[in-house]
Amino acid sequence: MEQSKTHKTPSLIDALIPMLFLIGSLTLAVYLFGDDASWGPNQIALTFSSLIAAFIGLKNKYTWEEMGNGVSKSINQALPAIFILLAVGALIGTWVMSGTVTTMIYYGLKILNPDIFYPTVVIVSAIISASIGSSWTTVGTIGVGLIGIAHGMGMSMPITAGAIISGAYFGDKLSPLSDTTNLAPAVAGAKLYDHIKHMLWTTIPSMVIALVVFTILGLNSNAVGDMSVQEQTLKAINDNFNTSIWLFVPVIVVIALAMMKLRPFPTILIGALTGGVFAVIFQPEQVSQFVNNPELSHPMVMIAGVWKAMYTGFTTTTGFDTIDELVNRGGMNSMLEVIWLILSALMFGGVMEETGLLNRLVISLLKMVSNTGSLIATTIFTSIGTNIVASDQYMAIVLPGRMYRLEYEKRNLAPENLSRTLEDAGTITSPLIPWNTCGAYMSGTLGVATVAYLPFAVFNYINPLVAIILGYSGFSIKKINSESSNKK
């Protein structure tokens, strides 16, 4: 405690220097490397930005040990997300080997209408996410199958990824089972179901707009319904994999465990093991070819195949490029670059928070608040900024919630206004940032770069705009004195 008295309060210039360097270096990385920026260049930009923030911290009398502790704290908060990423890598590996992914693709190609494919993807993702309360689990299971169906139909991968993410975050945001949906009212001091009900004012119009946009994109896409690709994909699946309705069981197992509120890491890992068992039952030839070790006995080959698919992912050669692109993927190894990106971002966020630079930016933003609309807009930009700097959606909810809660009370605004705004920005924009835990996860799981799907994650960037418009209009803004005061 005594040491903290020696710390100098950072100036606004102090706070802006590492932020401006980060923005400039990330922009340069995208310019030089394009879609590949997230697989190394962004990590370098974040690392050097962390170093600049640390030197400013030293100037302000923070020690390396203090800043190191801040980084450790930041990384510790994200460890569950990192382990989930590894589990998803294992799940994708066993699900493609078992034929679960190809079965979803097979039936999806037969059932789904290309003209309404994109809005259907949004609705399916939203229903699953609302029922289990997890956008991550939705994307890691149903999302993987939907991306494969899109590939088989000749549809756009970035648009499909945007539709999956739009639906998944709509459902996650409104589900009482979601961790962020519970966190936001807890931070703001609102009741859970009051919070969910209040979110409908911004969430429903945003989803309607998103569905209209995806319907237009589907009806006007030249790539819609490439029947030659679709027929080739169906033939390749029939020639190389056994398909069966039973192969949906691993999906059902994951959804059931999620609905039972088992934590995501064990849920997804159990789903991966289930996929491995079904691979042995339904695709023994594929498992044997994958292992390619005649010295092992048959039972050992099966065990080795499942084990290997979990850490390296599944690989096979079907003779059809379309199918090879779909099934040669997965494994914990495939997530290591994503984890590297997350760790680099968390290092930057940890130094910025520990040295007070992040807090200094927030205080400066508060000076711009003059009315309810500007307060809501400032809260939204702070949440988005925290998602960019701290790389974590939970921080993007907790930090602005903590900073602005008293300001909302002073202005006679009910806590549901703050909790809704935290979700409208903190939860929703996290997958739009490549180095955020959510953006890295979505990109790594769906195999589509964040910058590629970002323009099509319509719900995720429309929702904050709707919230700002409602804030300035005063429509749906709830006052404390208009509530029936039974809170004691």
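**Aromatic pairs, a central helix segment and enclosed space in a predicted model**Y106, Y107 and F248 form one aromatic cluster. The model in which this cluster occurs is a predicted one, and the count of aromatic pairs in it comes to 10. One of these pairs is formed by F170 and F459, whose rings are arranged edge-to-face, with 5.8 Å from centre to centre and 80° between the planes. F170 belongs to helix α7 (residues 157-174) and F459 to helix α23 (residues 458-473), so the pair ties together parts that are 289 residues apart in sequence. F170 is buried because its relative accessible area of 15% falls under the cut-off of 20%, and F459, with a relative accessible area of 0%, is likewise classed as buried.

An edge-to-face arrangement is also found for W201 and F475, for which the centres lie 5.2 Å apart and the planes make an angle of 85°. This pair, too, links distant parts of the chain, since W201 is located in helix α9 (residues 192-219) and F475 in the segment after α23, 274 residues away. W201 has a relative accessibility of 43% and therefore counts as partly exposed, and F475 is placed in that class by its relative accessible area of 49%. A further arrangement that involves an aromatic ring is that of K308, which lies over the face of F290 at 4.9 Å from the ring centre.

Helix α12 comprises 19 residues, 264-282, and spans 26 Å between its first and last C-alpha atoms, which is close to the 27 Å expected at 1.5 Å a residue. The buried residues of this helix are T267, I268, G271, A272, T274, G275, G276, F278, A279 and F282. The packing partners of these buried residues are α3 (64-98), α6 (135-153), α11 (249-259), α13 (284-291) and α14 (298-312).

Helices α3, α6 and α12 recur in the description of the largest pocket, where each of them, together with α8 (179-188) and α19 (393-410), supplies at least two residues of the lining. The pocket holds about 640 Å³ of space, and its lining is made up of 29 residues, among which I84, D179, R263, P264 and Y394 lie nearest the centre. The largest share of this lining, 5 residues, is contributed by α3.

Apart from the pocket, the structure holds 2 cavities of 30 Å³ or more. In the largest cavity there is about 50 Å³ of space, and the residues that line it are S74, Q77, L346, G349, E353, A390, D392 and M395. Two or more residues of that lining are given by each of α3 and α16 (336-354), and it is α16 that gives the most, with 3 residues. Helix α3 is thus represented both in the lining of the largest pocket and in that of the largest cavity.

Backbone geometry was examined next. N412, although not a glycine, has a positive phi of about 65°, and this residue is situated in the loop between α19 and α20 (415-427). With a relative accessible area of 24%, N412 is partly exposed. A positive phi, of about 70°, is also found at S476, which is not a glycine either, and which lies in the segment after α23. S476 counts as buried, because its relative accessibility is 15% and the class is defined as under 20%.

The segment after α23 also contains I477, which is buried, with a relative accessible area of 14%. When neighbours within four places in sequence are left aside, I477 is in contact with T372, I376, L413, N417, R420, L470 and G471. I477 and A414 are 63 residues apart in sequence, whereas the distance between their C-alpha atoms is 8.2 Å. In the segment after α23, then, the residues described comprise F475, paired with W201, S476, with its positive phi, and I477, with its contacts to residues that include T372 and I376.

Note on methods
Residues numbered from 1 in each chain as written. Predicted model: local features only at pLDDT ≥ 70, side-chain atom pairs only at ≥ 80, totals over all residues. Heavy atoms only, no water. Helix = DSSP H or I, 4+ residues; strand = E, 2+ residues; numbered from the N terminus. Expected span 1.5 Å × (residues − 1). Buried < 20%, exposed > 50% of the residue type's maximum accessible area, 1.4 Å probe, protein only. Contact = heavy atoms within 4.5 Å. Phe/Tyr/Trp six-rings, centres within 6.5 Å; stacked < 30°, edge-to-face > 60°. Lys NZ or Arg CZ within 6 Å of the ring centre and 35° of its normal. 1 Å grid on protein atoms, 1.4 Å probe; cavity = no way out; pocket = protein on both sides within 12 Å on 5 of 7 lines; lining within 4 Å. Points joined across faces, edges and corners; volume = space filled by probe spheres on them.
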